[in-house]
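Biologist: I would like to learn how to read a model feature by feature. Can we start from a single residue and work outwards?

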Amino acid sequence: MNALRFCLLVLVLATANSNTLSAATTLDAAMTVDNEFTAYISTDDSVQGTQIGTGNSWPTTYGFNSLLTPDVTNYLHIVATDTGPPAMFIGSFTLSNSSFAFDNGTQSLVSNSSNWSVSTTGFGANYSAPQDLGGQGTAPWGSFGGINAAARFIWHSGGPGNTVYFSTEISPVVAGSTTRATFTVQKEFTDGNDETEVTVNIQCFTGVPLNQSATRTASDGDFEVEFVVESFDSGQLDCEIGESDVAGYSADYEVTEDDAGSTQDSDNGVDACEFENVNSGADNVCIVTNSPVPVEIEINKVWVIEGSGGDDVNQNYELTLHCDGEILGQEGKGYWNKDFSGTGDSEPGDHTAAVIPDWDSEDGAHCYVTEDIDDDAVETDLGDCNSLDVELGSEGLSCTVTNTVFFEGIPTLSQYGMAILALLMLSVGFVGFRRFV
């Protein structure tokens, strides 16, 4: 079972009544891209921004700097293009003073898979965590002078040969802020899923409403960073942490905290970790557990009787559902079975089973139905029951097993038929009598 943990560092903007002007802050960069890049600074994550640097020779470390726009969130944007594999982005960045902080809460940042987002479609949308390709010295690139030794080679998980868009936040820091609370989000899939993207959201109800989110997968390992909230009235901070719906999964939420808050889960209608009246210095944890939603399979039974006398055929039956995914309530290891029995046609709901889909298979869990028939007069048609693919997010499956009975009874004649037959026999006899008389 793999665990998936997510977090994001958040620094609150200056309070509404603050009139303190931030000192001018300079961003210094040292970076390169295999093969070429253009760097921008923007105050809107969905807008590319103003160009501040460029380079087209990956063995070269490029240095440049730019002033930040005071008192608002700035975004460092990198448009990186690979013209042929392999592909990478590596760099280190610093701020000239503490008026701003990077996504990690400090004035120094390196390329990594935790504090950057990347998209293949542009800035402000469809972000995911970058893929970590290794640290300084990793082949075929080696090491780069002028770039922090802690920097990592990163790229989009979709692979090389494209243009990708890297983004990271640079947030203003409130001078003299003394209140601080941390919220750690731990993420776990009970079935070990390490590929499905999950978006985790935090919303804090303070003087200035705060909304942040992070989209991650576990493909690069486990993550445990933090949401950090500053500059609030101690005991007056209320926050919620939840995730966007994950297709095919239910979510359970558990809260642990230093002070206020209580355990919540999705079964009672709560779809988030709720924290109320949080005090400064509190360390809070939100544990989100995703479990695959079982898919119900219904097996129907129909008898078709052809020929008179077929009602005398024994219509008792026994069916078996076989699945390579877990059937709830049945014992198994790698394979599960469930038996059903009845007489005649089944009624809706008579034969059902709940099956856990397999996230690691293209078609989910695979199931099929068998029936043992000894009577040669009964023909079995399994129809769709011969192959059932149980996929994540399926609303339910049903199939029908049809038994057809071909019954050949002894032919009989009605009283009129008997009379006609008697007349025919008399006529044949009369003709024969006249020939020999």
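Modeller: Start with Asn193, and keep in mind that this is a predicted model. Asn193 has a relative accessible area of 2%, so Asn193 is buried.

Biologist: Where in the chain is Asn193 found?

Modeller: Asn193 sits in a loop. Strand E13 (180-189) comes before that loop, and strand E14 (198-205) comes after.

Biologist: Which side chains make polar contacts with the side chain of Asn193?

Modeller: Thr196 is one of them, at 2.7 Å, side chain to side chain. The side chain of Tyr249 is another, at 2.9 Å.

Biologist: Which residues does Asn193 contact once its neighbours within four places in sequence are left aside?

Modeller: Tyr249 and Trp359. Tyr249 thus appears in the contact list and in a polar contact with Asn193.

Biologist: Now sheets. What is the general idea?

Modeller: Strands of a sheet pair through backbone hydrogen bonds, either parallel or antiparallel. Here, look at the open sheet with the order E16-E13-E20-E18. The sheet has 4 strands, and the pairing is mixed.

Biologist: Which strands stand at the edges of that sheet?

Modeller: Strand E16 (227-230) and strand E18 (249-256). Each has a single partner strand, so one side of each is left without a neighbour in the sheet. From one strand to the next, the twist averages 20°.

Biologist: How many bridges join E13 to E16, and how do the two strands run?

Modeller: There are 4 bridges, and the two strands run antiparallel. For one position to inspect, take Thr182: its bridge partner in E16 is Val228.

Biologist: Next, disulfides. What should I have in mind?

Modeller: A disulfide is a covalent bond between the sulfur atoms of two cysteines. A search of the whole structure gives 4 disulfides.

Biologist: What is the pairing when the bonded cysteines are numbered in sequence order?

Modeller: The pairing reads 1-2, 3-4, 5-6, 7-8.

Biologist: Take the link of Cys273 and Cys286. What are its S to S distance and the angle about its S-S bond?

Modeller: The S to S distance is 2.2 Å. The angle is 75°, and the link is right-handed. Cys273 lies in strand E19 (residues 273-278) and Cys286 in strand E20 (residues 283-292), so the pair ties together parts 13 residues apart in sequence. E20 also belongs to the open sheet above.

Biologist: Is Cys273 buried or exposed?

Modeller: Cys273 is buried, with a relative accessible area of 0%. Cys286 also counts as buried, at 0% relative accessibility.

Biologist: Which parts of the chain does the pair Cys323 and Cys367 link?

Modeller: First the bond itself: Cys323 and Cys367 are joined with S to S at 2.0 Å. The link is right-handed, with 115° about the S-S bond. The pair links distant parts of the chain, 44 residues apart. Cys323 is in strand E22 (residues 316-323), and Cys367 is in strand E25 (residues 365-371). Cys323 has a relative accessible area of 0% and is buried. Cys367 counts as buried too, at 0%.

Biologist: And where do Cys385 and Cys399 lie?

Modeller: Their disulfide has an S to S distance of 2.0 Å. With 105° about the S-S bond, this link is right-handed. Cys385 lies in the loop between strand E26 (378-381) and strand E27 (388-390), and Cys399 in strand E28 (residues 397-406), so parts 14 residues apart in sequence are tied together. Both cysteines are buried.

Biologist: Last, cores. What is the principle?

Modeller: In soluble globular proteins, nonpolar side chains tend to be buried together. The largest nonpolar core here has 28 residues. Those with the most contacts inside it include Leu27, Ile78, Phe89 and Phe166.

Biologist: Which strand gives the most to this core?

Modeller: E1, with 4 residues. Among the strands that each supply at least two residues are strand E1 (26-34), strand E5 (74-81) and strand E12 (163-172). For the contacts of one member, select Phe89: not counting residues up to four places away in sequence, it touches Met31, Ile78, Trp116 and Phe166, among others.

Biologist: Which residues does the second, separate core include?

Modeller: Ile202, Val246, Tyr249 and Tyr253 are among its 26 residues. That brings us back to Tyr249, the polar partner of Asn193.

Biologist: And the protein as a whole?

Modeller: The protein has 1 helix and 28 strands. Of its 437 residues, 43% count as buried. Among contacts between residues at least 6 apart in sequence, 72% join residues at least 24 apart.

Key:
Residues are numbered from 1 along each chain as its sequence is written. This is a predicted model: local features need pLDDT of at least 70, side-chain atom pairs count only at pLDDT 80 or more; totals for chains, interfaces and linings use all residues. Side-chain values use heavy atoms; hydrogens and water are left out. Buried means under 20% relative accessible area, exposed over 50%, partly exposed in between (1.4 Å probe, protein chains only). A polar contact is a pair of N or O atoms within 3.5 Å; within protein, one must be able to donate a hydrogen and the other to accept it, and residues adjacent in sequence count only if both atoms are side-chain atoms. Contact means heavy atoms within 4.5 Å. Two strands pair if DSSP finds at least two bridges between them. Axes are lines fitted to C-alpha atoms, for helices over the stretch in contact, and angles run from 0 to 180 degrees between N-to-C directions. A disulfide is a pair of cysteine sulfur atoms within 2.5 Å. A nonpolar core is a set of buried Ala, Val, Leu, Ile, Met, Phe, Trp, Tyr and Cys residues joined through side-chain atoms within 4.5 Å.
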